[in-house]
Amino acid sequence: GRKDSTFAYRYIRKHYFDNLDFSDERMIHTPIFHKKIRDYINNVIPQHPDSIISGAHYMVSLAKANDEMFKYVVHYITNTYEQSKYMGMDAVFVDMVENYYTNGQAYWVDSLNLYKIVERAKDLKPTLIGKIAPNLILKDTSGKYVSMHHLPTKLVLLVFWDPDCGHCKKAMPKIKDTYDKWQSEQVPIEVFSVCTEVEEEKWRKYIRSHNFNWVDVGDFELKNNFREIYDISSTPRIFLLDEKRKIIAKQLSEEQLVDFVNRVLKEDKKKSGKN
């Protein structure tokens with residue numbers, strides 16, 4: 001007996017592609033088709049990776065009516081989310097590759113480019129949001145091995161950096177100021193700072209000069225493959241991990257850290273029933 005407030009949305013989503021003939025490849029050469037699928041992804045589907053993946057599979061299922069339409073839709077979605085600037089959307093790219101490129105359906109891609117696309121998806125998959133962060137056990141400044149997964153705090157900020165990196169030179173002091181504030185406010189978070197540089201003395205000098213007081217580790221003997229596991233193509237690279245060491249955020253800027261951590265802790269309090 002109550003009005004369904006979601007009816008209009010569900011109706012639009014279900015009937016959005018009515019009267020659009022996916023078997024007619026001529027649609028590709030009109031401005032209508034591209035705008036239609038773009039608006040469906042951006043404006044109709046909730047902007048969450050799981051929802052976009054579901055919507056993408058729905059569009060692909062319709063596009064299978066014609067080879068060229070199928071090619072267009074799969075390529076468009078895959079390319080869009082490989083280059084997405086929004087956090088977590090790389091999951092869409094990985095899903096598309098696993099479902100349409102690894103099983104021979106992407107007939108239009110030559111073997112070399114197919115290899116590159118598949119390898120890129122493999123590189124991204126271990127560090128998708130929601131995944132347990134691969135553990136790192138590295139030496140600290142005293143030569144003692146420290147396990148990231150066994151840090152005692154509720155949250156861990158995993159930071160990859162390089163003392164020679166211009167951006168790191170600007171970002172790391174800001175992260176240090178934020179960390180000191182967290183410490184004074186007893187925020188349950190630790191920084192696991194991983195140096196990607198291979199010159200140990202340069203690392204130690206930078207740490208001393210900036211008075212880093214978190215967990216500093218490195219791999220100067222190149223025994224660990226964290227650079228490949230975490231896809232470290234540039235620095236700084238920042239991940240936020242929860243108490244189970246699940247990745248809950250990445251690609252954060254130093255300016256976003258405080259707001260995001262506060263939001264996570266607030267949500268955690270709500271779940272635990274605390275005021």
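This passage walks through the strands, helix contacts, pockets and backbone details of a predicted model.

The natural starting point is the sheet. Seven strands make up an open sheet with mixed pairing, and reading across it gives the order β2-β1-β5-β4-β3-β6-β7. The edges belong to β2 (145-147) and β7, each of which has a single partner strand, so one side of each is left without a neighbour in the sheet. From one strand to the next, the twist averages 35°.

At the β2 edge, strand β1 (residues 137-140) pairs with β2 over three bridges in the antiparallel sense. Two facing pairs help to locate this on the structure: Leu 138 is opposite Val 146 of β2, and Ile 137 is opposite Ser 147 of β2. The hairpin of β1 and β2 has four residues between the strands, and within this hairpin Gly 143 adopts a positive phi near 85°. Strand β1 is also joined to strand β5 (residues 215-218), with which it runs antiparallel, by two bridges. Here Lys 139 faces Gly 218 of β5.

The β7 edge can be followed in the same way. Strand β6 (residues 237-241) and β7 are antiparallel and share three bridges, with Leu 241 placed opposite Ile 247 of β7. These two strands also form a hairpin, this one with five residues between them, and Arg 245 in its turn has a positive phi of about 65°. Just ahead of this hairpin comes another backbone detail, a cis peptide bond between Thr 235 and Pro 236 with omega about 0°. Pro 236 sits in the loop that links α9 (226-229) to β6. A further backbone detail is found at Asn 19, which is not a glycine yet has a positive phi of about 70°. Asn 19 belongs to the loop between α1 (7-15) and α2 (31-44). As background for these details, most residues other than glycine have a negative phi, and most peptide bonds are trans.

Attention now turns to the helices. Two packed helices are described by the angle between their axes and the distance between the axes. For helix α3 (residues 49-63) and helix α5 (residues 90-101), the axes cross at roughly 35° and come within 9 Å. The crossing of α3 past α5 is right-handed. On the α3 side, the contact involves Pro 49, Ile 52, Ile 53, Ala 56, His 57 and Val 60, which meet Ala 91, Val 92, Asp 95, Met 96, Asn 99 and Tyr 100 of α5. By class, the residues of this contact are nine nonpolar, two polar and one charged.

A second helix pair is formed by helix α7 (residues 166-184) and α10, whose axes come within 11 Å and cross at roughly 35°. In this case Ile 175, Thr 178 and Trp 182 of α7 meet Leu 257, Val 258 and Val 261 of α10. Five of the residues in this contact are nonpolar and one is polar, with no charged residue.

Several of these elements return in the pockets. The largest pocket has a volume of about 540 Å³. It is lined by 18 residues, and those closest to its centre are Asp 242, Ile 248, Val 264, Glu 267 and Lys 271. Two or more lining residues come from each of β7 (247-250) and α10 (257-272), and α10 makes the greatest contribution with seven residues. Sorted by class, this lining contains nine charged, eight nonpolar and one polar residue. Thus the edge strand β7 and helix α10 both reappear in this lining.

The second largest pocket has a volume of about 450 Å³. Its lining counts 20 residues, and His 48, Pro 49, Met 87, Gly 88 and Met 89 lie nearest its centre. Helices α3, α4 (67-82) and α5 each provide at least two of the lining residues, with the largest share, four residues, coming from α5. This lining is made up of ten nonpolar, six polar and four charged residues. Pro 49 links two parts of the picture: this α3 residue takes part in the contact with α5 and is also among the residues nearest the centre of the second largest pocket.

Conventions:
Residues are numbered from 1 along each chain as its sequence is written. This is a predicted model: local features need pLDDT of at least 70, side-chain atom pairs count only at pLDDT 80 or more; totals for chains, interfaces and linings use all residues. Side-chain values use heavy atoms; hydrogens and water are left out. Axes are lines fitted to C-alpha atoms, for helices over the stretch in contact, and angles run from 0 to 180 degrees between N-to-C directions. A crossing is left-handed if the near helix is turned anticlockwise from the far one by less than a right angle, and right-handed if clockwise. Contact means heavy atoms within 4.5 Å. Ala, Val, Leu, Ile, Met, Phe, Trp, Tyr, Cys and Pro count as nonpolar, Asp, Glu, Lys and Arg as charged, and the others, Gly among them, as polar. On a 1 Å grid over the protein atoms alone, a cavity is a set of points where a 1.4 Å probe fits but cannot get out, and a pocket is an open set with protein on both sides within 12 Å along at least five of seven lines; lining residues have an atom within 4 Å of a point. Grid points are joined across faces, edges and corners, and a volume is the space filled by probe spheres set on the points. Two strands pair if DSSP finds at least two bridges between them.
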